Amino acid sequence: QVQLVESGGGLVQAGGSLRLSCTITGRPFTTDTMAWFRQSPGKEREFVTAINPFGSSTRYADSVNGRFTISRDNAKKTVYLQMNSLKPEDTAVYYCAAGPWASISARPSYWGQGTQVTVSS
């Protein structure tokens with residue numbers, strides 16, 4: 001059974017930082033592109049960032065480019081999302097996802113349960 005477990009969410013003031021982690025079990029990990037999505041109340045889930053299996057390529061949504069950094073540790077089967085210069089509009093439930101690079105932003109194969117990030121103004 002494949003499981004993606006996120007951690008690291010919480011409450012932070014605007015301008016602050018948080019680091020999310022996501023650990024996967026039940027899959028090799030090194031075959032999967034890993035990604036982060038987020039969903040705010042009343043909005044659709046949106047793609048945030050992705051990293052390919054070897055960590056050599058990344059992709060970011062314009063709204064987070066330059067503030068967020070995705071990375072992965074294949075030995076620990078964990079992907080990270082470092083979020084800096086956080087804004088109130090970054091408040092959302094953040095989801096970890098896994099799947100093929102070509103379709104990760106539209107159709108991930110696996111999802112985590114989500115972790116809440118709240119940025120106060």
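Reader: In this predicted model, is glutamate 46 buried, partly exposed or exposed?
Author: In this predicted model, glutamate 46 is found in strand β5, which covers residues 46-51. Buried would require a relative accessible area under 20%, and exposed one over 50%. The relative accessibility of glutamate 46 is 34%, and because that value lies in between, the residue counts as partly exposed.

Reader: Which side chain does the side chain of glutamate 46 join through a polar contact?
Author: If residues up to four places away in sequence are not counted, glutamate 46 touches Phe37 and Arg38. A polar contact of 2.6 Å links the side chain of glutamate 46 to a side chain from this pair, and the partner is arginine 38.

Reader: Where along the chain is aspartate 90, and is it buried or exposed?
Author: Aspartate 90 has its place in the loop between β8 (78-83) and β9 (92-99). Leaving aside residues up to four places away in sequence, aspartate 90 touches Arg38, Arg67, Phe68, Ser85, Val117 and Val119. Because the relative accessible area of aspartate 90 is 0%, and the cut-off is under 20%, this loop residue is buried.

Reader: With which side chain does the side chain of aspartate 90 make a polar contact?
Author: Both Arg38 and Arg67 are among the residues that aspartate 90 touches. The polar contact between side chains, at 2.8 Å, is made with arginine 67.

Reader: How far apart are the C-alpha atoms of lysine 77 and cysteine 22?
Author: Lysine 77 has its place in the loop between β7 (68-73) and β8, and at 25% relative accessibility it counts as partly exposed. Cys22 is one of the residues that lysine 77 touches, and Thr23, Ile24, Arg27, Pro28 and Phe29 are also on that list, which leaves out residues up to four places away in sequence. Although lysine 77 and cysteine 22 are 55 residues apart along the chain, the separation of their C-alpha atoms is 8.3 Å.

Reader: How many strands does the chain have, and why can it be called as compact as a globular protein of its length?
Author: The radius of gyration of the chain is 13 Å, and the globule rule gives 14 Å for 121 residues; the two values are close, so the chain is as compact as a globular protein of that length. As for its elements, the chain has 0 helices, and its strands number 11.

Reader: Why is β9 said to be largely enclosed by the rest of the structure?
Author: Strand β9 pairs in the antiparallel sense with β4 over 7 bridges, with β11 over 3 bridges, and with β10 (residues 110-111) over 2 bridges. Individual positions can be followed in these pairings, including threonine 33 opposite glycine 99, tyrosine 94 opposite threonine 115, and alanine 97 with its bridge partner tryptophan 111. The strand is described as largely enclosed because, of its 8 residues, the number buried is 7.

Reader: Which residues touch the most other members of the largest nonpolar core, and what is the size of the other core?
Author: In soluble globular proteins, nonpolar side chains tend to be buried together. The largest nonpolar core here has 25 residues, and those touching the most other members are Met34, Trp36, Phe68, Val79, Met83 and Tyr94. Two or more residues of this core come from each of β3 (18-25), β4 (33-39), β5, β7, β8, β9 and β11 (115-120). Apart from it lies another core, with Phe47, Ala50, Ala97 and Ile104 among its members, and its size is 7 residues.

Conventions: Residues are numbered from 1 along each chain as its sequence is written. This is a predicted model: local features need pLDDT of at least 70, side-chain atom pairs count only at pLDDT 80 or more; totals for chains, interfaces and linings use all residues. Side-chain values use heavy atoms; hydrogens and water are left out. Helices (H or I, at least four residues) and strands (E, at least two) are DSSP runs, numbered from the N terminus. Buried means under 20% relative accessible area, exposed over 50%, partly exposed in between (1.4 Å probe, protein chains only). A polar contact is a pair of N or O atoms within 3.5 Å; within protein, one must be able to donate a hydrogen and the other to accept it, and residues adjacent in sequence count only if both atoms are side-chain atoms. Contact means heavy atoms within 4.5 Å. A nonpolar core is a set of buried Ala, Val, Leu, Ile, Met, Phe, Trp, Tyr and Cys residues joined through side-chain atoms within 4.5 Å. The radius of gyration is taken over C-alpha atoms; the globule rule is 2.2 Å times the number of residues to the power 0.38. Two strands pair if DSSP finds at least two bridges between them.
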